[in-house]
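Visitor: I would like to hear the reasoning behind the labels people put on a structure. Could you take me through some of them?

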Amino acid sequence: MQMLTPQTAGVGLKRVNLEVKENHMAHHTVGLSSTHLVTRRGQPFKLLLHFHDPGFSRHYETLVFQALLGDLAVEFPVTFLDKVTNVGWRAWISPQEVLPRCVSVPVRVCSPVSAPVGLHELKLIVQNSLGQQCYNAGRFILLCNPWLKADPVYLPDEEQREEYVRNDAGVLYLGTPHNITTRHWAFGQYESEVLEVCLNLLQVSPQHVWDRRRDYLRRSDPVYISRVICAMINCADERSVLKGSWSGDPQASGNGVDAADWTGSAKILKLWDAARFRPVCYGQCWVFASVMCTVMRALGIPCRVVTIFNSAHNTKGNMIVEEYYTDSGKKLDLSQNTVWNFHMWVECWMTRPDLGSEFDGWQVLDPTPQERRTGVFCCGPCSVKAIRMRNVNLLYDTPFIFASVNAGVVTVVMQDGQEVSRRVERKRVGSHIYTKRIGSDRPESLTCNYKCVLDNLSRCGERGHDMSRSLQASLRLDRVHVMGEDVVLTVAVRNTSHSLRTFREHVNAQAKVYNRGAQQTLWETHSRLHIWPGEEVLIEHVIPHSQYESRLTSDCLVNVAAVVVDERTQEHMLVSEEFNFSVPNISIQVTGGDRVVLHKEHSAEVSFTNVFSTTMTDTVLTVEGTSLIQGKHQSRLYLLQPGQVMKTKVTFIPVVLGVKALHAKLTFRNRPALVIRETHKVSVSTPASTEDNKVQYFREKCC
């Protein structure tokens, strides 16, 4: 309820009730703010004006509202019509709801659908024959409206609006296409003060600092808003939200937080706000994308995080990434162009009047800082439809995004500084593009949204297969391997010539970071083969777990390559594959089940069995959970023998309704690059009746 302060003498208005609960329900903004009325543009919201006796009379007083955003102001009268046809700001009183003299007057206020997003101030001017009085009637936040057909962010499907606007929990997909790993993320747009922090992003942006009035006016356009937010997420400016760290060593984060340790956006945004808008350390692609997703959903713009497996980077506009190997199969770090095992950006839903209606819909925005454009790290929005149509001449950054999912990979084998083999792969880059499926934690393929179906045929084993005039070769793994197991791989060599041939086989396995080239060699082997014409020989290789366990990076990735050489013709053929290990699970069991009650203490048992053949030293088990646990729960075991179980009991009290998550993390002193993570979701509800609980159970089961 807003108490009034008159700006001139003669108080006629006592107070204004903002009808927060009713308005939040009608505008789908429940929970977004505990301090402000939150509304969506183009949709009426209700106010209740309370006047001093003898009350308001339409025959003697005239009401005029003034809406202010910074130094922008617009005045609009209160009318007495049930239907108001003008498209600007408007306010009206239904004649049926008031008496000739009335101390409590309900008023509807509606912004135009083109109104700028932000924190608005509302003033009420009461005019009569004696003059006028002006009152502060309250402040309200105005957001985009994906429920309104006229809004540029209108999303017609209710299930999509629930997923891409209102859902505050997500799933990220990492790893490799053949062994996708998941990471749960709390977008947290309903956390206390997060919406206000998101608005601060707009207020401290360079665009606002340079020209406040122009910035306010342009905030009606989701294309403009998305570009401002995209640039503000990364550390291109001293007031940006996140600073990147691209080291594969988790110990290199220094005083910052390792990117892999973040589990949600709210803490990052609040830290940035509390530090007076100084960048939070550190982020990588999934953190940048997830934080941007939070901000966009909070502002009412539908948004989803997208993973691109085998994403090309720094192609310099020539659509080519070059990879170099020695004739013994070792990958060399000779090119600035790289193929990341995975990369994440966001897609936002909006119309594109600047391009034409055929390019409306999902737009790519990449907040990870990669290339400066006009001095700023800002990429997008780029129409996904334009990428599929191969229309690369459109705004914004379409050539860069197109290359990220369509570039060719040139693989070169070098011997004594000379090139001895070259081949081009056209299907590896952008092979799989995923986002979270609506109402599920499983991935949904978006690959066909970006490229023609014929370009997206399954290429399982393609990269590990090649042929020349005298031989064919392929490389395959028998299965997805769990950390601690020996790795079994098979190289197949076929003599396609008409005579007996002798071949040299060189196989090399290297540790790898997801966004850089291969690193140190973990294991290698060499052999000579005598193969008759038309014969195929299968060579099985075993990489012992002792060869890789202590030498992997935190991404648990391996690049393995085999070079086969025809000793007669000196033809060199390279086949390669990159794979990631699955890690052992941490068990999280909530006592009494995963349906927990708000503000009631619950407990969970967290345990881990050492499946490794070595004793793990100084093992630290950390458990945390936003809106479940205050701070962190940690337990430590100095020696964890092979086969031994480490257990701890954790108590937690849910303070927010909805689906929340417990996050467990294991670290080991003698394996600093190995970090094991696990997430367990719980559903927080009020202590409802048994029948209500049954209904809720079936709703969750259907989702």
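**Labels and their reasons**

Guide: Gladly! Let us start with a charge and a ring: in this predicted model, Arg227 lies over the face of Tyr396, at 4.0 Å from the ring centre.

Visitor: What makes a charge count as sitting over a ring?

Guide: CZ of Arg has to be within 6 Å of the ring centre and within 35 degrees of the ring normal. Arg58 is listed in this way too, lying over the face of Phe80 at 4.2 Å from the ring centre.

Visitor: How many aromatic pairs does a search of the whole structure find?

Guide: The search finds 18 aromatic pairs. One of them joins Trp286 and Tyr514, with 5.9 Å from centre to centre and 55 degrees between the planes. Trp286 belongs to helix α8 (residues 285-298), while Tyr514 sits in the loop between β28 (501-512) and β29 (518-531), 228 residues apart.

Visitor: Why is the pair of Trp286 and Tyr514 called tilted?

Guide: Stacked needs planes under 30 degrees apart and edge-to-face needs over 60, so the 55 degrees here leave the name tilted.

Visitor: And how do you know whether Trp286 is buried or exposed?

Guide: Buried means under 20% relative accessible area. Trp286 has 4%, so Trp286 is buried. Its partner Tyr514 is at 1%, so Tyr514 counts as buried as well.

Visitor: What makes Phe579 and Phe581 an edge-to-face pair?

Guide: Their planes are 70 degrees apart, with 5.4 Å from centre to centre. Edge-to-face asks for over 60 degrees and pairing for centres within 6.5 Å, so the label follows. Both Phe579 and Phe581 are buried.

Visitor: Which residues form an aromatic cluster?

Guide: Phe45, Phe65, Phe76, Trp89 and Phe140 form one.

Visitor: Ile629 lies in a loop, between β36 (616-624) and β37 (633-640). Why does Ile629 count as buried or exposed there?

Guide: The value decides, not the loop! Ile629 has 14% relative accessibility, under the 20% limit, so Ile629 counts as buried. Leaving aside neighbours within four places in sequence, Ile629 is in contact with Val623, Glu624, Val650, Thr651, Phe652 and Leu662.

Visitor: What share of the chain counts as buried?

Guide: Of its 703 residues, 54% do. The chain has 13 helices and 40 strands, and its C-alpha atoms fill a box of roughly 110 × 60 × 45 Å along the principal axes.

Terms used. Residues numbered from 1 in each chain as written. Predicted model: local features only at pLDDT ≥ 70, side-chain atom pairs only at ≥ 80, totals over all residues. Heavy atoms only, no water. Phe/Tyr/Trp six-rings, centres within 6.5 Å; stacked < 30°, edge-to-face > 60°. Helix = DSSP H or I, 4+ residues; strand = E, 2+ residues; numbered from the N terminus. Buried < 20%, exposed > 50% of the residue type's maximum accessible area, 1.4 Å probe, protein only. Contact = heavy atoms within 4.5 Å.
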